[in-house]
Amino acid sequence: MTTPTGTAEQPTTSPRSGLWSRGAGHYQSVGEWWILPAAIFLVVFFVVPLVENAEKSIALSQLLRPGTGDGYYLKLFTDPYYLWVIGQTVILSVGVTAICVVVGYPIALYLVRHAGRWSGLVIFLLIAPLLTSIIMRTFGWRVLFARRGLFNETLMDIGWIERPIAFLNGPVPAVIGLVHVLVPFMILSIASVLRNIDIGLEESARLLGAGRIRTFMSVTLPLSLDGIGTGAILVFLLANGSFVTLLLLGGGSIQTLPLLIYQQFNTTRDFGFASAMSNVLLVVALACLYLQLRLIRRRGVKGG
């Protein structure tokens, strides 16, 4: 827009509101109070529960062990069993994240570079499972892995095994179930970055004599690290707090912090210890999130 003097109208910033306006009928200045409902919702349903959870883990600990306000946390970080559970939780999350990268990257590359008019169908196939309850999807895997399920029946029909194998209640079906649930997040994260990579860069590398593999390793992969990092953060955090899949497919073969928290709430009724575990789980997630963000900032694509 131009003013009567012919000069371009510039967005103005209100010193009171901190937001800018661009004239009547266009962008209107709004006050900070517009964010008040969201802020209240965040405080009531996110900050307050976290504070209460932290207070409960310490307060109940002091009641149970007078004079020691860190009894639950001391137990978590000194007992070899709980240290093993914390380590197993992190290892499982990292392993699932790595598998999702390996499985999801080729699919994302195919979706962006080769799917063409079928890209909509591929995206639909990726999103469709997310529209189904995670419990239903997990029970679907239980049907497939059952002693009379599709896998056992197929292996017996082709003569590879003589009797059904107990696939269920082990780490393998639990990991497969987690990858099935979480790999769409990885694919969509990587695909969104691959779409923004200038295809001319890859063509220039090919014209300069680089092969397909070298072009991918030197151009495509480095430029898509942001997508890998974003997908890794999403998958890691979701795997870190996963519960239903491990409970229904793992059958107790993998002990993680979410499963121990469930046991503390439903079996031992030790709410203070469960609160301490959930706080440790939150700190582990935040620490890994910080490390991954630092890694993306150092190695990712810099805007220019």
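Okay, let's start with Ser189, which sits in helix H7, the stretch covering residues 171–194. Keep in mind that this is a predicted model.

So, is Ser189 buried or exposed? It counts as buried, because its relative accessibility is 10%, and the cut-off for buried is under 20%. What does its side chain have for polar company? A polar atom of that side chain lies 2.7 Å from the backbone oxygen of Phe185. And if you skip the neighbours within four places in sequence, Ser189 touches Gly227, Thr230, Gly231 and Leu234.

Now move along to Ile190. Again leaving out neighbours within four places in sequence, Ile190 is in contact with Tyr105, Ala108, Gly227 and Ile228. Gly227 should sound familiar, as it is on the contact list of Ser189 and on that of Ile190.

Ile190 also brings us to the cores. The largest nonpolar core has 33 residues, and Ile190 is among those that touch the most other members, together with Val96, Cys100, Leu182 and Leu194. Which helices supply at least two residues each? They are H3 (80–113), H4 (119–127), H5 (134–145), H7, H10 (225–240) and H11 (244–250). H7 gives the most, with 11 residues. There's also a second, separate core of 18 residues, and its members include Tyr73, Leu76, Ala276 and Val284. As general background, nonpolar side chains in soluble globular proteins tend to be buried together.

Last topic: the aromatic rings. To describe a pair of rings, you give the distance of the centres and the angle of the planes. How many aromatic pairs does the structure hold? There are 11. One of them is Phe41 with Phe45, a tilted pair at 4.8 Å centre to centre, with 40° between the planes. These two are separated by about one helical turn, because they are 4 residues apart in helix H1, residues 36–64. And are they buried or exposed? Phe41 counts as exposed at 56% relative accessibility, and Phe45 counts as exposed at 56% as well.

Another tilted pair is Phe265 and Phe271, with 5.3 Å centre to centre and 35° between the planes. Here, Phe265 is partly exposed, with a relative accessible area of 35%, and Phe271 is partly exposed too, at 32%.

One more thing to find on the screen: Tyr72, Tyr81, Tyr82, Trp84 and Phe273 are linked by ring pairs into a cluster. Okay, that's my tour, thanks!

How values were computed:
Residues are numbered from 1 along each chain as its sequence is written. This is a predicted model: local features need pLDDT of at least 70, side-chain atom pairs count only at pLDDT 80 or more; totals for chains, interfaces and linings use all residues. Side-chain values use heavy atoms; hydrogens and water are left out. Rings of Phe, Tyr and Trp (its six-membered ring) pair if their centres lie within 6.5 Å; planes under 30 degrees apart count as stacked, over 60 as edge-to-face and the rest as tilted. Buried means under 20% relative accessible area, exposed over 50%, partly exposed in between (1.4 Å probe, protein chains only). A polar contact is a pair of N or O atoms within 3.5 Å; within protein, one must be able to donate a hydrogen and the other to accept it, and residues adjacent in sequence count only if both atoms are side-chain atoms. Contact means heavy atoms within 4.5 Å. A nonpolar core is a set of buried Ala, Val, Leu, Ile, Met, Phe, Trp, Tyr and Cys residues joined through side-chain atoms within 4.5 Å.
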